[in-house]
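Trainee: I have a model open and I want to learn how to read it. Can we go through it feature by feature?

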Amino acid sequence: ELPPGNRRVQAQALPYALEDQILTPVDELGFATHRLSATHLACAVFATEPVERQLDALTAAGLAVVQCVPDVLCTPWQASTWTLVFDGDDAWLRTGPY
């Protein structure tokens, strides 16, 4: 939950609002959000270095990436259910639409 304000100010404040809950320095992380209300946001936090490394490899291969979709959004979901998918050593648990 963030204080009321315009979207740009809230986007700038979000990393610092979560800073005490995250072990990694916020300048090494990316934050993707979805607005639930004027003061509540759903937030995905990810390390930017691996993403940038993969994007660089795709660019070097001649592919231009314009959108990325988190793996969990590729996992089926229905209201009031949880879906758990195992892929080798990875697992994705989807508990809601975002």
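Trainee: Let me begin with the first helix. Which strands do the buried residues of α1 pack against?

Mentor: One reminder before the answer: this is a predicted model. The buried residues of α1 pack against β1 (29–35) and β2 (41–47).

Trainee: Which residues of α1 are the buried ones?

Mentor: They are Gln10, Leu14, Pro15 and Leu18. These four cover an arc of only 140 degrees around the axis, so they sit on the same side of α1. Now look at the other side of α1: Arg8 and Tyr16 are exposed there.

Trainee: How do I check the length of helix α1?

Mentor: Use the rise of 1.5 Å a residue. Helix α1 covers residues 7–18, which makes 12 residues and an expected span of 16 Å. Its end C-alpha atoms are 17 Å apart, so the two values agree.

Trainee: What caps the N-terminal end of α1?

Mentor: Asn6 does. A side-chain oxygen of Asn6 lies 3.1 Å from the backbone nitrogen of Arg8.

Trainee: Let me take one residue of this helix. Why does Pro15 count as buried?

Mentor: The cut-off for buried is under 20% relative accessible area. Pro15 is at 12%, so Pro15 counts as buried. Pro15 lies in helix α1. Leave aside its neighbours within four places in sequence, and Pro15 is in contact with Val26 and Phe31.

Trainee: How far is Pro15 from Cys43 in sequence and in space?

Mentor: They are 28 residues apart in sequence. In space the C-alpha atoms are 10.0 Å apart.

Trainee: And the loop after α1? Is Pro25 buried, exposed or partly exposed?

Mentor: Pro25 is in the loop between α1 and β1. At 41% relative accessibility, Pro25 counts as partly exposed.

Trainee: Now the pockets. What is the general idea?

Mentor: Roll a probe the size of a water molecule over the atoms, and you see where empty space is left. In this model, the largest pocket has a volume of about 760 Å³. The elements that give two or more residues to its lining are β1, β2 and α2 (48–60).

Trainee: Which element gives the most to the lining of the largest pocket?

Mentor: β2 does, with six residues. In total, 23 residues line the largest pocket. Nearest its centre lie Ala32, Ala44, Phe46, Val69 and Pro70.

Trainee: Does the length check work on α2 as well? What span should I expect for α2?

Mentor: α2 has 13 residues, so at 1.5 Å a residue it should span 18 Å. The end C-alpha atoms of α2 are 18 Å apart, which agrees.

Trainee: Next, backbone angles. What should I look for?

Mentor: Most residues other than glycine have a negative phi. Here, Ser80 has a positive phi, near 65 degrees, and is not a glycine. Ser80 is in the loop between α2 and β3. Its relative accessible area is 81%, so Ser80 is exposed.

Trainee: Which residue with a positive phi follows α2?

Mentor: Gly62 follows α2, with a phi near 90 degrees.

Trainee: Back to that loop. Where is Thr75 placed, between which elements?

Mentor: Thr75 is in the loop between α2 and β3 (83–87). At 5% relative accessibility, Thr75 counts as buried. Not counting residues up to four places away in sequence, Thr75 touches Thr83, Val85, Trp92 and Arg94.

Trainee: Let me follow that last contact. Which backbone oxygens does the side chain of Arg94 reach?

Mentor: The Arg94 side chain reaches the backbone oxygen of Thr75 at 2.7 Å. It also reaches the backbone oxygen of Pro97, at 3.0 Å.

Trainee: Where does Arg94 lie, and is Arg94 buried or exposed?

Mentor: Arg94 lies in strand β4 (residues 90–94). With a relative accessible area of 11%, Arg94 is buried. Its contacts beyond four places in sequence include Val72, Leu73, Trp77 and Trp82.

Trainee: How far is Arg94 from Pro25?

Mentor: Arg94 and Pro25 are 69 residues apart in sequence and 26 Å apart in space, C-alpha to C-alpha.

Methods
Residues numbered from 1 in each chain as written. Predicted model: local features only at pLDDT ≥ 70, side-chain atom pairs only at ≥ 80, totals over all residues. Heavy atoms only, no water. Expected span 1.5 Å × (residues − 1). Buried < 20%, exposed > 50% of the residue type's maximum accessible area, 1.4 Å probe, protein only. Arc of directions from axis to C-beta. Contact = heavy atoms within 4.5 Å. Polar contact = N/O pair within 3.5 Å; in protein donor to acceptor, adjacent residues only side chain to side chain. 1 Å grid on protein atoms, 1.4 Å probe; cavity = no way out; pocket = protein on both sides within 12 Å on 5 of 7 lines; lining within 4 Å. Points joined across faces, edges and corners; volume = space filled by probe spheres on them.
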